[in-house]
Structures are given as C-alpha cells and as structure tokens.
Amino acid sequence: MSALRTLGPKAAAALDEELMSTGAFSIDQLMELAGLAVSQAMYTISPPSKSPNVLVACGPGNNGGDGLVAARHLHHFGYKPTMYYPKQSKNELYGRLRTQLELLKIPFTDDFQSAMGKSDWVIDAIFGFSFAGEVREPFPAVIRALAESKIPVLAVDAPSSWNIETGPPQDGPGKGYQPPAMISLTAPKPLVKWFQGRHFVGGRFVSQEIADKYGFDVPPYKGCEQIVEVGSHGEKL
C-alpha cells in the first residue's frame with residue numbers, strides 16, 4: 001500500500017511563502033482553511049453528541065491560530081470548546097480571532113489541568129512544523145499532561161514537542177507522548193513514520209502544479225469534505 005509523500009520543514013515553510021506570494025493567499029485564508037479542516041477531523045472522530053467538551057490548547061504561532069479558528073467552527077458545530085491560550089501573539093490577526101471567540105462566549109482558562117479534567121477531548125495546537133529546540137514555559141507541564149492523560153488528543157500537524165524530521169523526543173516533557181489522532185495540514189510530515197494513531201490530511205486548496213513542485217501528494221478528497229483519512233504513516237486507505 002503506497003503512502004503519501006511527506007513534506008519536510010524547509011519545504012513546508014517555502015510552500016507557505018509561495019502560497020502567500022505567487023499563490024495570492026493571505027495568512028488569514030490559510031489559517032481559516034486549516035482550522036476548518038481541524039474541526040472537521042474532530043467531528044469525524046467524535047461528534048458533539050458523543051463528546052461535547054473540547055479543550056483547545058493554542059501556542060503563540062500559526063499552529064495556535066489554526067486552533068483558534070477550529071474552536072470557532074467547533075462552537076457552530078455544536079461543541080462546547082474551552083480555550084487554553086497562555087501566550088498570545090501581538091499580531092492583530094490573533095487578537096481578532098480571540099475576539100471572535102469571546103463574542104461567542106467561548107471561555108478561556110489559565111488552568112490547563114483543571115480544564116482537561118472536565119474535557120472529553122483535547123486539541124493540541126501548541127507547536128507545528130516549525131518547532132525546534134526546547135519546550136519553554138508554560139508548555140512543559142501542558143505537554144507532560146497530554147502525554148500522561150487518558151483523555152484523547154487530536155494533534156494539529158504534529159504532536160507538540162515532536163521533531164518534524166526525527167519524531168518523538170527521547171526525553172523531556174514529550175517523552176512517551178503518542179496522541180490517538182492527528183491531522184496533517186497540506187501533507188504529512190516525516191514524523192508520521194513514528195505516529196501510531198488515527199491520521200487525517202487536510203488542505204484542500206493546493207493545486208496539482210504546486211504539489212508536483214514541492215514533491216507531495218494531493219489526497220483524493222471526496223464531495224465537500226475538507227479532510228481525507230489515511231493510514232498512521234500516510235498510507236492511502
């Protein structure tokens with residue numbers, strides 16, 4: 001069974017740059033499309049009738065922005081999201097996304113542990129494909145909690161703390177962190193070699209020409225779906 005080709009960190013960064021230059025996409029559009037795909041993956045895995053309470057953990061970068069967008073869609077899908085967003089970017093875009101959630105009366109919390117204990121699922125939108133180096137405060141305890149918790153997690157693009165090329169860390173807060181679900185945005189990253197859970201790909205906006213240029217595959221999206229389920233390592237089902 002053939003697997004979708006992966007997209008390394010340098011190629012992923014270059015692709016984003018090209019999408020926002022010659023592709024004429026804005027960062028707002030890309031984030032909106034990514035967040036929509038994340039929310040649809042969550043709905044496919046476990047609809048709100050089964051697991052209404054979703055804790056969305058957001059980092060300060062684009063991965064966190066995807067989580068903010070996903071939370072808005074989840075609210076309209078019938079979930080009751082709660083936000084953990086301890087390090088907000090000063091970029092105006094993130095402020096607007098937060099305001100949109102506040103206008104929907106979606107709560108924000110500073111107590112991750114307590115909120116996780118009241119949740120049916122957690123969405124890990126802390127670190128994405130650009131993560132490198134050590135995990136900084138306040139996220140070590142959060143990632144350790146994700147690794148140790150029995151509450152299921154949907155990771156956005158990468159399980160936070162994983163190296164995009166070499167997978168799970170051998171030590172530190174992310175040791176042993178293996179979330180049961182992940183959605184790869186645009187294309188799987190090399191870390192899927194170590195992933196063992198349920199796996200989706202989202203990013204239904206890339207042309208075949210761009211995919212050929214960057215050496216990845218556009219999966220067979222069906223109907224109005226924004227996601228495709230694939231094997232843990234990106235195998236076509």
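**Exercise 1. The largest pocket**

Task: Find which helix gives the largest share of the lining of the largest pocket in this predicted model.

Solution. Step 1: α1 gives the largest share, with 5 residues. Step 2: Now list the elements that give two or more residues to this lining. They are α1 (9-20), α2 (27-45) and α3. Step 3: Look at the whole lining. It holds 35 residues, and N62, N63, D66, G128 and F129 lie nearest the pocket centre. Step 4: Sort the lining by class. There are 19 nonpolar, 8 polar and 8 charged residues. Step 5: Add the volume. The largest pocket has about 610 Å³.

**Exercise 2. The second largest pocket**

Task: State which residues line the second largest pocket, and sort them by class.

Solution. Step 1: Read off the lining. It is made by P220, Y221, K222, E225, I227, V228, E229, V230, K236 and L237. Step 2: Sort these residues. The classes are 6 nonpolar, no polar and 4 charged. Step 3: Note the volume of this pocket, about 190 Å³.

**Exercise 3. Helices α3 and α4**

Task: Decide whether α3 and α4 are roughly parallel or roughly antiparallel.

Solution. Step 1: Recall what is needed. Two packed helices are described by the angle between their axes and the distance between the axes. Step 2: Take both values. Helix α3 (residues 62-77) and helix α4 (residues 92-103) pack at about 25°, and their axes are 9 Å apart. Step 3: Compare with the cut-off. Angles under 35 degrees count as roughly parallel. Therefore α3 and α4 are roughly parallel to each other. Step 4: Add the handedness. α3 passes α4 in a left-handed crossing. Step 5: Name the contact. α3 supplies N62, G65, L68, V69, A71 and R72, while α4 supplies Y94, L97, Q100 and L101. Step 6: Count by class. This contact has 6 nonpolar, 3 polar and 1 charged residues.

**Exercise 4. Helices α2 and α4**

Task: Work out how α2 is set against α4, and which residues make the contact.

Solution. Step 1: Take the geometry. The two axes come within 11 Å and cross at roughly 40°. Step 2: Name the arrangement. This angle makes α2 oblique to α4. Step 3: Give the handedness. The crossing of α2 past α4 is right-handed. Step 4: List the contact. I27, D28 and M31 of α2 meet L93, Y94, R96 and L97 of α4. Step 5: Sort by class. The contact has 5 nonpolar, no polar and 2 charged residues.

**Exercise 5. Helices α2 and α3**

Task: Repeat the analysis for α2 and α3.

Solution. Step 1: Start with the axes. They lie 7 Å apart, at an angle of about 55°. Step 2: Classify. That angle makes α2 oblique to α3. Step 3: State the crossing of α2 past α3. It is right-handed. Step 4: Pick out contact residues. From α2 they include I27, M31 and Y43; from α3 they include N62, G65 and F77. Step 5: Sort the contact. It divides into 11 nonpolar, 6 polar and 3 charged residues.

**Exercise 6. Unusual backbone**

Task: Find where a cis peptide bond lies, and which non-glycine residue has a positive phi of about 65°.

Solution. Step 1: Set the background. Most residues other than glycine have a negative phi, and most peptide bonds are trans. Step 2: Find the cis bond. It joins E137 and P138, with omega about 5°. Step 3: Place P138. It sits in the loop between β4 (121-125) and α6 (139-148). Step 4: Find the positive phi. The residue is A24. Step 5: Place A24. It belongs to the loop between α1 and α2.

Key:
Residues are numbered from 1 along each chain as its sequence is written. This is a predicted model: local features need pLDDT of at least 70, side-chain atom pairs count only at pLDDT 80 or more; totals for chains, interfaces and linings use all residues. Side-chain values use heavy atoms; hydrogens and water are left out. Axes are lines fitted to C-alpha atoms, for helices over the stretch in contact, and angles run from 0 to 180 degrees between N-to-C directions. Helices (H or I, at least four residues) and strands (E, at least two) are DSSP runs, numbered from the N terminus. Angles under 35 degrees count as roughly parallel, over 145 as roughly antiparallel, 65 to 115 as roughly perpendicular and the rest as oblique. A crossing is left-handed if the near helix is turned anticlockwise from the far one by less than a right angle, and right-handed if clockwise. Contact means heavy atoms within 4.5 Å. Ala, Val, Leu, Ile, Met, Phe, Trp, Tyr, Cys and Pro count as nonpolar, Asp, Glu, Lys and Arg as charged, and the others, Gly among them, as polar. On a 1 Å grid over the protein atoms alone, a cavity is a set of points where a 1.4 Å probe fits but cannot get out, and a pocket is an open set with protein on both sides within 12 Å along at least five of seven lines; lining residues have an atom within 4 Å of a point. Grid points are joined across faces, edges and corners, and a volume is the space filled by probe spheres set on the points.
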